[in-house]
Amino acid sequence: MLDGRRILLVISGGIAAYKSLDLIRRLRERGASVRCVLTPGGAQFVTPLSVAALSGEKVYQDLFSLTDEAEMGHIRLSREADLIVVAPASADLMAKMAAGLADDLASTLLLAADIPVLVAPAMNTQMWRHPATQDNLATLERRGVRRIGPAAGDLACGEVGEGRMAEVLDILATIETVFGDGPLKGIRALVTSGPTFEPIDPVRFIGNRSSGKQGHAVAAALARLGADVTLVSGPVAQPDPKGVKVIRVETAREMLGACIAALPVAVAVCAAAVADWTVSNATKEKRKKDPGSPPPTIELALNPDILATLSEQGSARPRLVIGFAAETETVIDNARGKLARKGCDWILANDVSPATGTFGGDFNTVHLVTTGDTEPWPRIAKADVAERLAWRIVDALKETPR
Ligand code: C5P
C-alpha cells in the first residue's frame, strides 16, 4: 500500500503517456496522492484535462506561469513530494536530466529535486540502444536514479524490440520497493564481483579483464528490491552500489574468507572472475631482473572454488547459489558441466570472446542454465540482466522452502 505517499508524476512525450493515466488511477487506489507535470511533448498525447480529472489536482505545465508560481513555486513541487516518477521518460528528457539542463518545468524540478527519482523509459528501440541514451542512463543510474523497464515487444512505431514502457503493475511494484517494501525485504544476499589479483611479488600480480560491471549491477538490483546485500569485490573501478555493504578484497583466498564470513545468506551470486591459480612461489621482495640469468619461473597452485564451496555448506548453504560462466566456445555445454561440477543451482552462461565486447562493455548476452532447462536471454544491458535475474530470484525464493 502507498497510503499517504506523495508522488510527483512527470509525463513526458511518448505514446505510452496513455498508460500513465492508468498509473495515476492505480496509485490513488493504493492511497497515494498524485500531482502531475505534463511536458509539451506529453501534452501531445494526453490532455491536461484527463490528467487533472484522474489525479484530482491541478496539472503543472509551464516553468514561467505567473499563476502557478504564485500558487506553487516549481521548487516546491518537488519539495512537497516523496518520490518523482517520470513515466514515460523520453530519450530527450533523460538526456536533459543527464546533462543537468533546466529549460522547462520538468527538467528544472528534476534538477532541483532532493528526493528519489524513478524513470520508466519508453522509446523506439534504436533510440533506446543508441550509445547516447545508454550513456545518459548510466550517468543517471550512477547518480542513484532508479529505473524500471523498458520492456521488449511491439512498439507503437511498428517496430518490434526493446523500448516499450514497463507495464503499469510493474511500475507500481517498483514504486513500492522504493518505499522499502521490496519483495526481497528481510532477505540476505551475497554477491561476488570483479577480478582477483594474485601477487607474483609486492609489485606484480596475475589478474584478468573483469570490470565488475555485471556483479555490481546484480548487487544494486537485489538491493533495489529490498535485499540486505553484501558485495565482495576484487579490485574494480566501479562505484559502490547504493545501499550495499561492500567488502574489498584482492586475492581469491581473501574473497573466499569474506564470503564465508558473510554467511548465512538466502542467495549467493558469484559473478566474480576469480583467478583459477595463485602464485605459490610469490616473493616478499620485488623480483629483480638479472640480465645474466634466465627469466624466473612462476609456479601456480589451484585456488579454492568459491562457488563450489558455497554450494557445499550443508545446513549453511544458501537456498539459491548462482554462478556465471564466462566462455569463449561451446558456451552452454561448458555451463552445464559447471552446474553439475560445482553443485550450484543456476549458471548464467555468457560468451566473452573479444568480438562480443562483453568484458568491460555495458551489454551482455546470457543463457540461464538450470538443471532441467536452458533459457536464452536477448542481448541486453548488464543492468537489465541484473534486474531480470533479481526478479527471477524473487520468484525462486518464493518456491524454495526456508
Ligand atoms: O570455473 P569458472 O571460473 O569458469 O566458473 C565460473 C563461476 O565460478 C563464476 O560464477 C565464478 O564466480 C565462480 N568461481 C569461483 N571461484 C573460483 C573460480 C570460479 O567462485 N575459484
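Select C270 and the ligand. In this predicted model, a backbone N or O atom of C270 lies 2.6 Å from an oxygen atom of the ligand.

Now add K338. An N or O atom in the K338 side chain is 2.4 Å from an oxygen atom of the ligand. Then add K342. Its side chain also brings an N or O atom to the ligand, 2.8 Å from an oxygen atom there. Show the surface next. On its own, the ligand exposes 440 Å². The protein buries 87% of that.

Where does the ligand sit? Switch on pockets if your viewer draws them: the ligand is in the largest pocket.

Colour by secondary structure. Which elements give two or more residues to the shell around the ligand? They are helix 12 (306–311), strand 17 (320–327) and helix 13 (331–342).

Now select the whole shell:

- C270, A272 and V274 are among the residues around the ligand.
- P304, D305, I306 and L307 also belong to the residues around the ligand.
- G323, F324, K338 and K342 complete the list.

Recolour that selection by class. The shell has 7 nonpolar, 1 polar and 3 charged residues.

Leave the ligand and go to D201. This residue lies in the loop between strand 10 (198–199) and strand 11 (205–206). Is D201 buried or exposed? D201 is buried, because its relative accessible area is 3%, under the 20% cut-off. Show its side chain and look for backbone nitrogens. The D201 side chain reaches the backbone nitrogen of V203 at 2.8 Å. The side chain of D201 also reaches the backbone nitrogen of R287, at 3.0 Å.

Next, select R28. You will find R28 in helix 1 (residues 17–29). R28 has 39% relative accessibility, so R28 counts as partly exposed. The class runs from 20% to 50%. Add S55 and draw a C-alpha to C-alpha distance. R28 and S55 are 27 residues apart along the chain, and their C-alpha atoms are separated by 7.6 Å.

Last stop: D290. Look in the loop between strand 15 (277–279) and strand 16 (300–302). D290 also counts as partly exposed, because its relative accessibility is 44%. Add A301 and draw the C-alpha distance again. How far apart are the C-alpha atoms of D290 and A301, and what is their separation along the chain? The C-alpha atoms are separated by 25 Å, and the two residues are 11 residues apart along the chain.

Conventions
Residues numbered from 1 in each chain as written. Predicted model: local features only at pLDDT ≥ 70, side-chain atom pairs only at ≥ 80, totals over all residues. Heavy atoms only, no water. Near = heavy atom within 4 Å. Polar contact = N/O pair within 3.5 Å; in protein donor to acceptor, adjacent residues only side chain to side chain. Areas by Shrake-Rupley, 256 points an atom, 1.4 Å probe, with all protein chains shown as cover. 1 Å grid on protein atoms, 1.4 Å probe; cavity = no way out; pocket = protein on both sides within 12 Å on 5 of 7 lines; lining within 4 Å. Sits in = over half its atoms within 2 Å of the grid points. Helix = DSSP H or I, 4+ residues; strand = E, 2+ residues; numbered from the N terminus. Nonpolar A, V, L, I, M, F, W, Y, C, P; charged D, E, K, R; others polar. Buried < 20%, exposed > 50% of the residue type's maximum accessible area, 1.4 Å probe, protein only.
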